[in-house]
Amino acid sequence: MLLSDSAFLRACRGERVPHVPVWFMRQAGRSLPEYRALREGVPMLESCTRAELVVEITMQPVRRYGVDAAILFSDIVVPLKAIGVDLDIVPGTGPVVAAPIRDLAAVGQLRELTPEDVPYVTEAIRGAVGELGATPLIGFAGAPFTLASYLIEGGPSKDHRLTKAMMYGEPDLWHALLGRLAKIAAVFLRVQAEAGASAVQLFDSWAGTLGRSDYEKYVRPHSQAVLEAVADLGVPRIHFGVGTGELLASMGAAGAEVVGVDWRVPLDEASKRIGPGRAVQGNLDPTLAFAPTAVMTARAGEVIDAGRHAPGHVFNLGHGVLPGTDPDQLARLVDFVHGYQPR
Ligand code: 1CP
């Protein structure tokens, strides 16, 4: 079997597939005991810089579940740390930034990323690709809006109030910041694809906090710039956010081949909103892994049936695997998706 013929890449391109391909956002991580064992005593950001550890953690869900794609074990803030932003990933919280960005001087400190800043990423991707054989590896980056939210708020935020206050109140500063983040994200994706990643995903996890016109005015141009900057690489580009039902048409227009959808909009409706020629990825509610297996698989069947109305469908959860998810449930879910004969 050739990598380029894998079910995942075929689905991204809208070609016929032998089975619906499946992988899970956050498939590596806390829900796996073998992950917790490897990470014992190693801080999150440090683990991302140790190539052998990254390869091993990246491989764990592939071995356990037989998913159709691996995703590099890393984090959206890794390139920011690599250019000298003082930040840490705090267990139980997430990324925390020591000196949040609030003015032009701070934006000026965000220098461009170069491949030499992240040698461990190149090394880890080469290592993982060597072990994966015909299974594709997905590289990823945080989209400008989602990265900006961490940098401006200083950490995770429910309402993104400081972020949006800057966006509305200081548009020049805002566009300067997002422009820089777009360049960083584009280089980070390029490094990964050039090292051997077969697809790239741009995570705009928190874009759903915006209405459509604000998204189009303040955010989409920058995400589109990232996607355009890697268009020449010839790898499928996936563009994902949470709570983006009202933004799907706008996100589709940003240019990715595949648009990720959370669980709130059925995939047939999502595909209509996204428009022709683009595959969809998603979108089982991650909490269904906590329901009885028969309930979870019945709902997974509905997801696949709805996905048939799109030009291509990559099965996934509507967001990341939740901590505390039973890995055996995910194993049963993968088996179900692989064996499902759509109506
Ligand atoms: O100590 C730990 O184990 C920390 C938990 C953890 C892990 C396993 C964090 C902190 N990041 C990661 C890895 C990670 N992050 C991956 C690995 C690959 C995989 O999917 O298997 C990926 C793709 C990410 C990307 C990421 N980081 C996103 C986008 C995806 C999403 O979930 O929306 C975001 C928003 C982050 C920020 C972040 N990093 C970590 C946490 C807990 C968070 C979210 C914090 C918040 O709620 O704002």
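This is a guided tour of a predicted model, moving from the sheet to the core and then to the ligand.

**The sheet as a whole**

Begin by selecting the strands of the open sheet, seven in number, which pair in parallel and follow one another in the order β1-β4-β5-β6-β7-β8-β9. At the edges you will find β1 (70–71) and β9 (313–317), and because each of these has a single partner strand, one side of each is left without a neighbour in the sheet. As you look along the strands, it may help to remember that strands of a sheet pair through backbone hydrogen bonds, either parallel or antiparallel.

**Strand β5 and its partners**

Next, select β5, residues 199–203, and ask how many of its residues are buried. Five of the five are buried, so this strand is largely enclosed by the rest of the structure. In a regular strand the side chains alternate between the two faces of the sheet. Colouring the side chains of β5 by direction shows Ala199, Gln201 and Phe203 pointing one way, while Val200 and Leu202 point the other way.

Now add β4, residues 137–142, which is joined to β5 by five bridges in the parallel sense; within this pairing, Phe140 has Gln201 of β5 as its bridge partner. Then turn to β6, residues 237–240, which pairs with β5 through four bridges, again in the parallel sense. Here Val200 has Arg237 of β6 as its bridge partner, and Phe203 stands opposite Phe240 in β6. To see how the chain travels between these two strands, select helix α11, residues 212–229, which together with β5 and β6 makes a right-handed β-α-β unit.

**A stop in the loop before α11**

Before leaving this region, select Leu210, which is placed in the loop between β5 and α11. Is Leu210 buried or exposed? With a relative accessible area of 5%, Leu210 falls under the 20% limit and is therefore buried. If you display what surrounds Leu210, leaving out residues up to four places away in sequence, you will find that it touches Phe145, Lys164, Met167, Tyr215, Val219 and Leu247. A distance drawn from the C-alpha atom of Leu210 to that of Ala253, 43 residues apart along the chain, comes to 16 Å.

**On to β6 and β7**

Return to β6 and show its side chains, which are covered on both faces: Arg237 and His239 are buried on one side, and Ile238 and Phe240 are buried on the other. Strand β7, residues 258–260, runs parallel to β6 and is joined to it by three bridges, with Val259 of β7 as the bridge partner of His239. Between β6 and β7 the chain passes through helix α12, residues 248–253, in a β-α-β crossover that is right-handed.

**Strand β8 and Asn283**

Select β8, residues 279–284, together with β9, and you will see a parallel pairing over five bridges, in which Gly282 has Phe315 of β9 as its bridge partner. Within β8, centre the view on Asn283, which is buried with a relative accessible area of 5%. Which backbone oxygen lies 2.7 Å from a polar atom of the side chain of Asn283? It is that of Val265, and the backbone oxygen of Asp262 lies 3.0 Å from a polar atom of this side chain. Beyond its neighbours within four places in sequence, the contacts of Asn283 include Trp263, Pro266, Val303, Asn316 and Gly318.

**The largest nonpolar core**

Now select Phe8, Trp174, Leu177, Phe315 and Leu333, which touch the most other members of the largest nonpolar core, a set of 128 residues. Helix α10, residues 171–195, supplies the largest share of this core, with 14 residues. Centring on Leu333 and setting aside residues up to four places away in sequence, you will find that it touches Phe24, Leu284, Met296, Ala300, Phe315 and Leu317.

**The ligand**

Finally, select the ligand and the 25 residues that surround it, of which the closest are Arg26, Asp75, Tyr150, Ser205 and His319. At Asp75, a polar side-chain atom lies 2.7 Å from a nitrogen atom of the ligand. Next look at Tyr35, where an N or O atom in the side chain is 2.8 Å from an oxygen atom of the ligand, and end at Arg39, where an N or O atom in the side chain is 3.0 Å from an oxygen atom of the ligand.

Conventions. Residues are numbered from 1 along each chain as its sequence is written. This is a predicted model: local features need pLDDT of at least 70, side-chain atom pairs count only at pLDDT 80 or more; totals for chains, interfaces and linings use all residues. Side-chain values use heavy atoms; hydrogens and water are left out. Two strands pair if DSSP finds at least two bridges between them. Buried means under 20% relative accessible area, exposed over 50%, partly exposed in between (1.4 Å probe, protein chains only). A polar contact is a pair of N or O atoms within 3.5 Å; within protein, one must be able to donate a hydrogen and the other to accept it, and residues adjacent in sequence count only if both atoms are side-chain atoms. Contact means heavy atoms within 4.5 Å. A crossover is right-handed if, with the strands pointing away from the viewer, the path from the first strand over the helix to the second runs clockwise. A nonpolar core is a set of buried Ala, Val, Leu, Ile, Met, Phe, Trp, Tyr and Cys residues joined through side-chain atoms within 4.5 Å. A residue is near a molecule or strand if one of its heavy atoms lies within 4 Å of it.
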